[in-house]
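Visitor: Hey, got a minute to look at a structure with me?
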Amino acid sequence: MSERALSSALVPLVIVIPLAWAVLCLLRPRHRPTLLLWPGLALWLIASGMLWQHTASGGLALHLLGAWTEPLGMSLRTDGLASTMCLVTSLVASACGAYRLLTPLGDEPSESQRWFWPLFFMLGAALNVIWLAGDLFNMYVGLELLGLSSVGLVAISGREQALSAALRYLLAALLGSLAYLLGVALLYAAYGTLALSTLAGTISADSITYVALALITMGLCLKTALFPLHGWLPPAHGVALTPVSAMLSALVVKASFVMLLRIWIGLGVGIITPAFAQSIGVLGAGAILWGGWQALHHADLKSLVAHSTVAQIGYLFVALPLLMSGAAPGLAWDGLMLQITSHAFAKSAMFLSSGTLIVAVSSGRVESLHGVTRHMPLALFAFGLAGVSLMGLPPSGGFSAKWLLLHSALAGGEWHWVVVLLGGGLLTAGYVFRVFRASFVADADHRFDKTPLGWDVIALLLAGASILLGLASTPVLSVMRIGAPLAGLVR
Amino acid sequence: MSRELWFALIGALLFALALGAFLSHTHLLRRLLAFNIMGSGSFLLLVGLSQDMRGPDPVPQALVLTGIVVAVASTALALILLRRWFAATGSTTLPEDSAE
Amino acid sequence: MRHMLTLVFDMLLGAGMLVAAFGALWSRDLFRAVVLFVVFGLLVAIAWIRLQAPDVALAEAAIGAGLTGALLLDAIGHLRRGAREAGASTANVPSADACE
Amino acid sequence: MTHTRRTMAALLSTGVAAALAVAIFDRRAPVTNLAVQVRTALPASGVEHPVTAVLLQFRSYDTLLEIAVLLVAAIIALALRDAHAPQGSQPNPALPTRTPVLSSVVRLLMPVMIVTAVYLLWAGAYQPGGAFQAGAVLAALGVVWRVSGRRLPHSLLTRWRHALLIAGFAMFLVMASAMLLFARPLLAWPPSGAKYVIVAIESVLTISIAAALLALFIDAPDTPSSGVAQPREHP
């Protein structure tokens with residue numbers, strides 16, 4: 001087999017491997033098929049790593065599915081964003097999977113034990129489908145696969161609140177994807193194609209395009225839980241099993257955002273007017289402030305972290321106007337890319353360490369964390385490191401992301417974004433320190449349950465990755481720029 | 001107005017009508033009915049508008065087939081969750097909505 | 001003449017779809033709403049034939065109207081039985097809502 | 001509150017209707033015409049019916065993922081069934097509505113529906129029909145069977161169900177990735193044997209689609225006779 005052929009087979013592997021493991025886990029629905037799972041996670045990591053390496057050295061690539069060419073057929077597109085997201089997905093998913101494998105099953109309901117893994121791998125496959133998609137309808141199917149497996153993972157934790165959270169999540173997801181689908185229907189009727197690459201060349205600024213774009217944007221904003229459409233997120237992310245919460249917050253909400261980004265950029269700056277982009281940015285600003293404010297006031301630790309996700313999503317949307325109509329779109333792109341990746345690592349670290357703390361003190365409330373400083377230093381340290389990145393303190397990936405966004409805003413003299421970015425940082429500091437303040441209270445009476453050391457190691461690794469992204473942002477960003485249509489964005 | 005355009009228009013009206021019902025109702029079963037009608041509306045719009053003045057197009061028809069299967073899977077899943085929620089609490093609305 | 005007839009048929013079909021959908025979305029009795037939904041599904045299947053999409057018509061009749069309708073009817077029966085067991089006298093949400 | 005909600009809903013609904021109306025009437029003929037492209041590529045696809053060609057050749061990737069969606073829904077149904085009956089008891093095999101009339105109707109319907117399903121599957125290669133419609137008819141048969149109050153064969157519900165459910169997706173996935181070994185893209189069927197591959201996939205898919213739809217129907221948790229809803233009677 002030639003070198004060229006091997007590399008072209010690499011691209012679909014990141015989808016085939018998780019799908020295959022979903023089937024394998026179904027064939028032997030044991031509670032914990034360890035011998036099956038470790039090789040699966042390892043293979044997935046290796047394939048993603050090689051794919052990233054391939055993109056880093058070889059650049060943009062297309063894998064023609066069924067050997068048919070677009071727009072009749074479909075293809076997998078590996079640009080820098082797609083390959084990096086595949087890599088981040090495999091890293092975060094493996095960490096969450098390993099966390100799950102180290103979890104003592106105890107008295108957890110049996111359905112969450114038996115059926116976790118097939119859904120877990122389906123979720124991973126769906127994410128990779130979306131990162132690699134270049135076709136509007138394919139994105140829809142990927143989004144549905146992602147939505148249903150997420151809802152399933154939320155529901156199987158079995159408790160009553162999980163059911164209502166899952167239902168609410170499902171209804172929001174269904175409404176969001178229908179709005180998206182209707183937009184896609186209009187675009188197909190107007191342009192006769194579903195391939196973004198074909199669409200980009202023929203798009204024109206008429207009213208059907210605008211209506212389609214508005215529907216797509218609304219649907220995807222609902223799916224990404226952009227303020228004020230975020231109501232479904234905190235219950236679902238708060239009630240799920242800890243590794244599930246981590247995957248949902250770190251990866252799943254990004255999928256619909258990346259779709260929106262691809263569609264906006266694909267349609268080009270001529271279609272997305274500055275006012276449109278600005279109004280989306282304003283909602284992002286609302287998310288940063290509202291999510292941060294809510295996180296300051298929630299008694300429940302996982303709710304606090306979930307609201308922090310609402311706020312951090314806001315940064316992604318604030319980056320959009322800077323990207324589409326700002327003076328320095330290159331800086332905004334870099335900042336956006338770093339925000340997506342560093343938040344993935346930081347938020348998964350934060351959820352996993354929160355889960356560890358909750359198990360240790362046998363309570364989900366922030367006030368129950370008394371004395372944690374002394375007894376659970378590693379988990380708290382991981383939480384703190386993740387917090388540093390979310391706040392945007394140097395030298396973390398979150399810092400570089402926010403710094404780049406700040407510079408992009410300053411370049412165009414858009415001071416209002418600067419205020420929002422700084423205010424968001426302050427709010428984040430507020431809720432992270434809230435957890436620390438509770439943990440410093442000495443409480444001799446408190447009992448602490450033992451937690452696996454592996455849990456702390458995993459959370460620390462993820463938190464470390466989010467810091468490392470700040471120190472080594474240059475190589476990552478140079479890959480993520482591959483295939484980014486930055487030239488088209490500069491006016 | 002051609003036949004295709006007429007059915008596309010009906011599809012658009014169905015979508016809007018059902019959207020209103022989806023947002024107004026709190027009863028989960030009614031919201032599911034609305035979801036399904038919204039789906040049918042967007043499918044009609046897709047095929048009707050794509051085939052207007054162009055004749056039959058197998059691509060949107062295939063998309064609709066896929067969409068129908070996805071819709072029935074989602075509906076069935078929602079019904080299963082609803083039944084369990086009802087069995088656990090005796091309620092057919094979400095807690096946030098019934099509080100109103 | 002023939003053209004006129006098909007025109008009238010399409011008009012009536014579209015209007016019928018809107019009426020059935022409206023009934024499915026807003027009728028007070030939930031059982032009746034679901035029955036109207038199944039009728040709606042069958043009308044949509046006819047619309048698919050008019051749009052020269054026989055594949056979709058088959059799928060819509062079998063899945064959209066048939067299976068989804070059966071699922072919804074089954075769920076209603078379930079909700080009603082549940083509400084009866086819970087007792088109508090307790091005057092809480094389920095009995096009032098499920099049988100509405 | 002309900003009033004505000006309804007007003008908002010009505011406003012949004014009207015807005016969407018207006019926007020769609022504007023969009024529908026402002027439209028020009030597109031540059032790309034996929035219908036023509038499908039017609040041109042049809043001879044190379046191995047099937048004669050264009051919709052089947054789109055589903056299992058040009059956009060087979062979508063179909064693969066769609067089967068995955070169906071599988072995920074069925075998995076969740078199974079998972080929540082387990083939660084409801086943790087002892088692994090048989091999932092409510094019969095409804096209490098058994099009537100002689102319905103029973104005889106079912107006996108009559110069964111062969112008709114099976115024949116219809118096989119016909120739909122076979123016809124899909126060159127005229128309307130295919131795995132989805134055939135699978136739906138088979139599933140409908142199961143539904144009618146159950147609604148009539150009959151028991152489904154026990155082994156079908158326990159031992160074989162898993163295999164039937166997974167077979168379609170598993171086979172599709174194996175076929176799709178097999179060509180990767182020969183340095184061909186994912187989902188590239190062998191050029192000479194495309195027709196047979198597609199027929200094989202569709203046949204197995206029919207069974208799995210039926211199994212998945214049936215799982216979604218049968219595994220819906222039933223009313224708890226002594227469930228949580230009862231304590232409310234005696235507060």
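Guide: Sure, let's go through salt bridges and then a pair of strands.
Guide: This is a predicted model, where local features need pLDDT of at least 70, side-chain atom pairs count only at pLDDT 80 or more, and totals for chains, interfaces and linings use all residues. Residues are numbered from 1 along each chain as its sequence is written, chains are lettered from A and ligands numbered from 1 in the order in which they are written, and side-chain values use heavy atoms, with hydrogens and water left out.

Visitor: How many salt bridges over all chains?
Guide: The count is 9, taking a side-chain nitrogen of Lys or Arg within 4 Å of a carboxyl oxygen of Asp or Glu.

Visitor: What does D10(C) meet in a salt bridge?
Guide: R3(B), at 2.9 Å, N to O. D10(C) lies in helix α1 (residues 2–26) of chain C and R3(B) in helix α1 (residues 3–24) of chain B, so the pair joins two chains. Helices here are DSSP runs of H or I, at least four residues, and strands are runs of E, at least two, numbered from the N terminus.

Visitor: Is D10(C) buried or exposed?
Guide: Buried, at 5% relative accessible area, while R3(B) is partly exposed at 28%. Buried means under 20%, exposed over 50%, partly exposed in between (1.4 Å probe, protein chains only).

Visitor: And which residue pairs with D62(D)?
Guide: R59(D), at 2.8 Å, N to O. Shared partners join D135(A), R59(D) and D62(D) into one salt-bridge network.

Visitor: Switching topic: how do β1(A) and β2(A) pair?
Guide: Antiparallel, over 5 bridges; strands pair if DSSP finds at least two bridges between them. L64(A) has S75(A) in β2(A) as its bridge partner.
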